[in-house]
Amino acid sequence: EVMLSVIMTTYNHERYIAQAIESVLRQQTSFRIEIVIGEDCSTDRTLNIVLDYQSQYPEAIRIVRSETNVGWRANYRRTIAAARGKYIALLDGDDYFTHRKKLQMQVDFLEEHEGYVGTGHDHWNVDENSDIIFL
């Protein structure tokens, strides 16, 4: 049984998608995680990269896709609808997790505090050179 579904929507994230997927695969958890990738007909190599990861990790990665681009909102909705986990974590295809126990800590908190429905975390906005962007 899947405890946590990581929802990853992507469109033309060729430069970033591998790092996003790897950051989930490196998570240290005591429970099963699935990565549900909503690939929205990218015009770059994003789909090829995602398919390669799925072939390497078929038990962990599922891809939601269609023959035409559906747009970010519909892609997000259909990807969440495909989730099988008790919990959902969101991670865009151009983002990545930096703490290897992030998901374990968040699920532990939710399991111990039934009155809570979500968790959050600090984040940094960085550009393609890994320079921090202050908004």
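Which residues are buried in helix α4, residues 102-112? I would like to begin there, keeping in mind throughout that what we have in front of us is a predicted model. In α4 the buried residues are K102, L103, Q104, Q106, V107 and L110. As background for reading that list, an α-helix has 3.6 residues a turn, so residues three or four places apart point the same way. As for what lies over these residues, the cover of the buried part of α4 includes three strands, namely β1 (4-10), β2 (33-39) and β4.

From α4 we can move to the second largest pocket, whose volume is about 230 Å³. Its lining consists of 15 residues, and those closest to the centre of the pocket are I88, A89, L90, Q106 and T119. Helix α4 gives the largest share of this lining, with five residues, and both β4 and α4 contribute at least two residues each. Please note Q106 here, since this residue of α4 is on the list of buried residues and is also among those closest to the pocket centre.

Let me now turn to the surface, where W72, Y76, I88 and L90 make a nonpolar patch of about 440 Å². Two elements, α3 (72-81) and β4 (87-90), each supply at least two residues of that patch. I88 and L90, which belong to the patch, are also among the residues closest to the centre of the second largest pocket. L90 itself sits in strand β4, and it counts as partly exposed because its relative accessibility is 47%, where partly exposed covers the range between under 20% for buried and over 50% for exposed.

Finally, I would draw your attention to two residues whose backbone deserves a careful look. Most residues other than glycine have a negative phi. N12, however, is not a glycine and has a positive phi of about 55°. N12 lies in the loop between β1 and α1 (17-25), and with a relative accessible area of 28% it is partly exposed. The other residue is C41, also not a glycine, with a positive phi of about 60°. C41 is placed in the loop between β2 and α2 (46-56), and its relative accessibility of 23% makes it partly exposed.

To close, if you turn the predicted model on your own screen, you might start from Q106 at the pocket, go on to L90 in β4, and end at the two loops that hold N12 and C41.

Definitions and conventions. Residues are numbered from 1 along each chain as its sequence is written. This is a predicted model: local features need pLDDT of at least 70, side-chain atom pairs count only at pLDDT 80 or more; totals for chains, interfaces and linings use all residues. Side-chain values use heavy atoms; hydrogens and water are left out. Patches are made of residues with over 30% relative accessible area and no salt bridge: like charges are joined within 9 Å, nonpolar side chains (Val, Leu, Ile, Met, Phe, Trp, Tyr) within 5 Å. Accessible areas come from the Shrake-Rupley method with a 1.4 Å probe; for residues, only the protein chains shown count as cover. A salt bridge is a side-chain nitrogen of Lys or Arg within 4 Å of a carboxyl oxygen of Asp or Glu. Helices (H or I, at least four residues) and strands (E, at least two) are DSSP runs, numbered from the N terminus. Buried means under 20% relative accessible area, exposed over 50%, partly exposed in between (1.4 Å probe, protein chains only). Contact means heavy atoms within 4.5 Å. On a 1 Å grid over the protein atoms alone, a cavity is a set of points where a 1.4 Å probe fits but cannot get out, and a pocket is an open set with protein on both sides within 12 Å along at least five of seven lines; lining residues have an atom within 4 Å of a point. Grid points are joined across faces, edges and corners, and a volume is the space filled by probe spheres set on the points.
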